[in-house]
Amino acid sequence: MRSTLLQLLTFVVVTITSFNSFAVTNWVDFEVINGHINLPVTINGVETRQWLSG
C-alpha cells in the first residue's frame with residue numbers, strides 16, 4: 001500500500017512540475033502606439049519596429 005502511494009505521489013509531482021516548463025518563453029518588449037502593438041525587430045542588421053496586426 002505504501003509503495004503504491006509513493007509511486008502515485010511521485011507521478012503527480014513529476015507531472016505537475018513538468019507542466020511549468022512547457023510554455024516558458026522570453027518576454028518581448030513591445031510598445032502600444034495609437035492602439036497598435038509594435039514589436040522591435042532586426043532585419044539584415046537594421047533595427048526597426050514591426051506593427052502587429054490581428
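Which residue takes a positive phi in the hairpin of β1 and β2? In this predicted model, the residue is Asn-34, with a phi near 55°. Two residues lie between the strands of that hairpin.

The overall layout is simple to state. The protein chain holds one helix and three strands. Read from the N terminus, the order of elements is α-β-β-β. The chain has 54 residues, of which 2% are buried. Its exposed area is about 5,400 Å². Carbon and sulfur atoms account for 63% of that area.

The strands were examined next. Strand β1 covers residues 31-33, and strand β2 covers residues 36-43. The two pair in the antiparallel sense, and three bridges link them. Within this pairing, Val-32 has Ile-37 of β2 as its bridge partner. Strand β3 spans residues 46-52. It runs antiparallel to β2, and seven bridges join the two. β2 thus has pairings with β1 and with β3. The connection between β2 and β3 is again a hairpin, with two residues between the strands. Its turn contains Asn-44, whose phi is positive at about 50°. A positive phi is therefore found at Asn-34 in the hairpin of β1 and β2 and at Asn-44 in the hairpin of β2 and β3. Asn-38 belongs to strand β2. Its bridge partner in β3 is Trp-51. Asn-38 has a relative accessible area of 10%, under the 20% cut-off, so the residue counts as buried. The Asn-38 side chain reaches the backbone oxygen of His-36 at 3.3 Å. Beyond its neighbours within four places in sequence, Asn-38 is in contact with six residues named here: Phe-30, Glu-31, Ile-33, Arg-49, Gln-50 and Trp-51. Trp-51 appears both among these contacts and as the bridge partner.

The helix was considered last. Helix α1 comprises residues 2-19 and includes Val-12. Val-12 has a relative accessibility of 34%, which lies between the 20% and 50% limits, so Val-12 is classed as partly exposed. Val-12 also contributes to a nonpolar surface patch of about 510 Å². The other residues of the patch are Leu-5, Leu-8, Phe-11 and Ile-16.

Terms used:
Residues are numbered from 1 along each chain as its sequence is written. This is a predicted model: local features need pLDDT of at least 70, side-chain atom pairs count only at pLDDT 80 or more; totals for chains, interfaces and linings use all residues. Side-chain values use heavy atoms; hydrogens and water are left out. Two strands pair if DSSP finds at least two bridges between them. Helices (H or I, at least four residues) and strands (E, at least two) are DSSP runs, numbered from the N terminus. Patches are made of residues with over 30% relative accessible area and no salt bridge: like charges are joined within 9 Å, nonpolar side chains (Val, Leu, Ile, Met, Phe, Trp, Tyr) within 5 Å. Accessible areas come from the Shrake-Rupley method with a 1.4 Å probe; for residues, only the protein chains shown count as cover. A salt bridge is a side-chain nitrogen of Lys or Arg within 4 Å of a carboxyl oxygen of Asp or Glu. Buried means under 20% relative accessible area, exposed over 50%, partly exposed in between (1.4 Å probe, protein chains only). A polar contact is a pair of N or O atoms within 3.5 Å; within protein, one must be able to donate a hydrogen and the other to accept it, and residues adjacent in sequence count only if both atoms are side-chain atoms. Contact means heavy atoms within 4.5 Å.
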